Amino acid sequence: MQRSAVRPSKLFYLILAVTAAGGTLAAFADPITRSLERAPLGTLGVFVLVIGGWALSLTLHEFGHALVAYRGGDHEVASKGYLTMDIRRYTDPVLSLVLPLIILAIGGIPLPGGAVWINRGALHSRTVASWVSLAGPLSNLALGILLTIVVALVQMPLGLLVGLSYLASLQILAFVINILPVPGLDGYGAIEPYLSPQAREFGMKARPWAPLVLFALIIGLPGVAETLWAATDFVFGAIGGDEYAADVGQYVFMFWR
C-alpha cells in the first residue's frame, strides 16, 4: 500500500481538538454538584467529549472498512476519499444524523451510521470480504478496550473518568450491535460471502430496511435495549470497565432527561 493513500483530513484533527477541549473542560469543571445535580460547565465538557469521541470512533470504524478493503484489492476506496479519515465521506443524512438523534433522545444510544461502498468483486477472497466487514466493529472494540485500560491505569478527575467510561461503554455497545447478523450490519456482512445465492439475494433486498426495523425495536421495545445493554455491560465488565462510572457518565451526558 502506498503511504500517500492514507491522508487524515484537517476536519479529523479539528474534531480531535474539540474532543480534547471537551475532555479538558470535563477534567477541570466538576460535572456533578454535592446534591448530585448536573453542573453546567462539567456537563458541557462531558457532552462535548462523548460527542466528539463518538465522531472520531465513527471515522475510525469506517476507515477500518476502507483500509482493509484497499489492502484486500479494492483500490477504488482511495479515489472515493475513504482513506482521508474525513467524516463527511462516510455520512448519510438519514442514517448518520436524523435517526441517531431520535435514538439518542429517546433511548440514550448515540449510534450514527456511516457508509463505505466497497467493490466486493475486486476483493481477493471471501475471507478478505469477511474481514472488511469485521474491521469496523473490531475497531470499536479495540477503542473501547483502550479507553477502559486508560481509565483503569491513569488517575484522573471525576468528570474525565465518567466521560471516558461512558464513551468506552458506547464503543462496546457499537461492537455488540454491529456484530449482529442483521442485513445491513457488519455481522451479516461477515457471513454473507459464505451464504447461498438465495440467502444473499434475500439479504440484499432486506438490507435497506432491516437496520431500521432493529432501531425501531430498540426504541419501541424496552426489552431489546435492555438486552443489548446487558450484553454490553457483560463485555465491558469482562475487560475491566467501571459500570458505575459509565452509568454516571450517561446520567451527565443525557442532561435533557
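**Exercise 1. Find out how exposed Phe255 is, and describe the ring pair that Phe255 forms with Trp256.**

Start with Phe255 on its own. In this predicted model, Phe255 has a relative accessible area of 44%. Buried would need a value under 20%, and exposed a value over 50%. Phe255 is therefore partly exposed.

Now do the same for Trp256. Its relative accessible area comes to 34%, so Trp256 is partly exposed too.

Next, look at the two rings together. Phe255 and Trp256 form an aromatic pair, with 5.1 Å from centre to centre and 85° between the planes. Planes over 60 degrees apart count as edge-to-face, and that's the label this pair gets.

**Exercise 2. Work out which parts of the chain the pair of Tyr166 and Phe253 links, and whether these two residues are buried or exposed.**

Begin with the count: there are 7 aromatic pairs. One of them joins Tyr166 and Phe253, whose ring centres are 5.5 Å apart. The angle between their planes is 50°, and the pair is tilted.

Then place the partners along the chain. Tyr166 belongs to helix H6, while Phe253 belongs to helix H11, which covers residues 243-253. With their positions 87 residues apart, the pair links distant parts of the chain.

Now check the cover. Tyr166 has a relative accessible area of just 1%, so Tyr166 is buried. Phe253 comes out at 0%, so Phe253 is buried as well.

Finally, zoom out a bit. Ring pairs join Phe47, Tyr166, Phe253, Phe255 and Trp256 into a cluster. Another ring to look at is Tyr251: Arg38 lies over its face, 4.0 Å from the ring centre.

**Exercise 3. Explain why the buried residues of helix H1 are on the same side of the helix.**

First get the helix itself. H1 takes in residues 10-28, 19 residues in total. From first C-alpha to last, H1 reaches 27 Å, close to the 27 Å expected at 1.5 Å a residue.

Next, list the buried residues of H1: Phe12, Ile15, Thr19, Gly22, Gly23, Ala26 and Ala27. They share one side of H1 because they cover an arc of only 135° around the axis.

Turn to the other side of H1, and you'll meet Lys10, Leu14 and Phe28, which are exposed.

Last, ask what does the covering. Helix H2 (40-71) and helix H6 (158-178) are among what covers the buried residues of H1.

**Exercise 4. Compare Leu60 and Arg71: in which helix is each one found, and is each buried, partly exposed or exposed?**

Take the location first. Leu60 is found in helix H2, and Arg71 has its place in helix H2 too.

Then look at accessibility. Leu60 has a relative accessible area of 31%, so Leu60 is partly exposed. Arg71 reaches 62%, so Arg71 counts as exposed.

Now see what's around Leu60. Leaving out residues up to four places away in sequence, Leu60 touches Phe12 and Ser139. Phe12 is one of the buried residues of H1. The C-alpha atoms of Leu60 and Gly136 are 7.6 Å apart, though their positions lie 76 residues apart along the chain.

For Arg71, use Val132 as the reference. These two are 61 residues apart in sequence, and their C-alpha atoms are 9.7 Å apart in space.

**Exercise 5. Say where Thr84 and Met85 are placed, and what sign the phi of Met85 has.**

Start with the loop between helix H3 (76-79) and helix H4 (93-107), which is where Thr84 sits. Met85 is found in the loop between H3 and H4 as well.

Check both for cover. Thr84 has a relative accessible area of 13%, so Thr84 is buried. Met85, at 11%, is buried too.

What does Thr84 contact, once neighbours within four places in sequence are set aside? Its partners are Arg7, Pro8, Ser9 and Arg89.

Now for the phi of Met85: the angle is near 55°, a positive value in a residue other than glycine. Most residues other than glycine have a negative phi.

**Exercise 6. Sum up the whole protein: how many helices and strands are there, and what share of its residues count as buried?**

Count the elements: you get 11 helices and 0 strands. Then take the burial: of 257 residues, 49% count as buried.

For the outside, the protein exposes about 12,900 Å², and carbon and sulfur atoms supply 68% of that area.

Conventions
Residues are numbered from 1 along each chain as its sequence is written. This is a predicted model: local features need pLDDT of at least 70, side-chain atom pairs count only at pLDDT 80 or more; totals for chains, interfaces and linings use all residues. Side-chain values use heavy atoms; hydrogens and water are left out. Helices (H or I, at least four residues) and strands (E, at least two) are DSSP runs, numbered from the N terminus. The expected span of a helix is 1.5 Å times one less than its number of residues. Buried means under 20% relative accessible area, exposed over 50%, partly exposed in between (1.4 Å probe, protein chains only). The arc is that of the directions from the helix axis to the C-beta atoms. Contact means heavy atoms within 4.5 Å. Rings of Phe, Tyr and Trp (its six-membered ring) pair if their centres lie within 6.5 Å; planes under 30 degrees apart count as stacked, over 60 as edge-to-face and the rest as tilted. A charge sits over a ring if NZ of Lys or CZ of Arg is within 6 Å of the ring centre and within 35 degrees of the ring normal. Accessible areas come from the Shrake-Rupley method with a 1.4 Å probe; for residues, only the protein chains shown count as cover.
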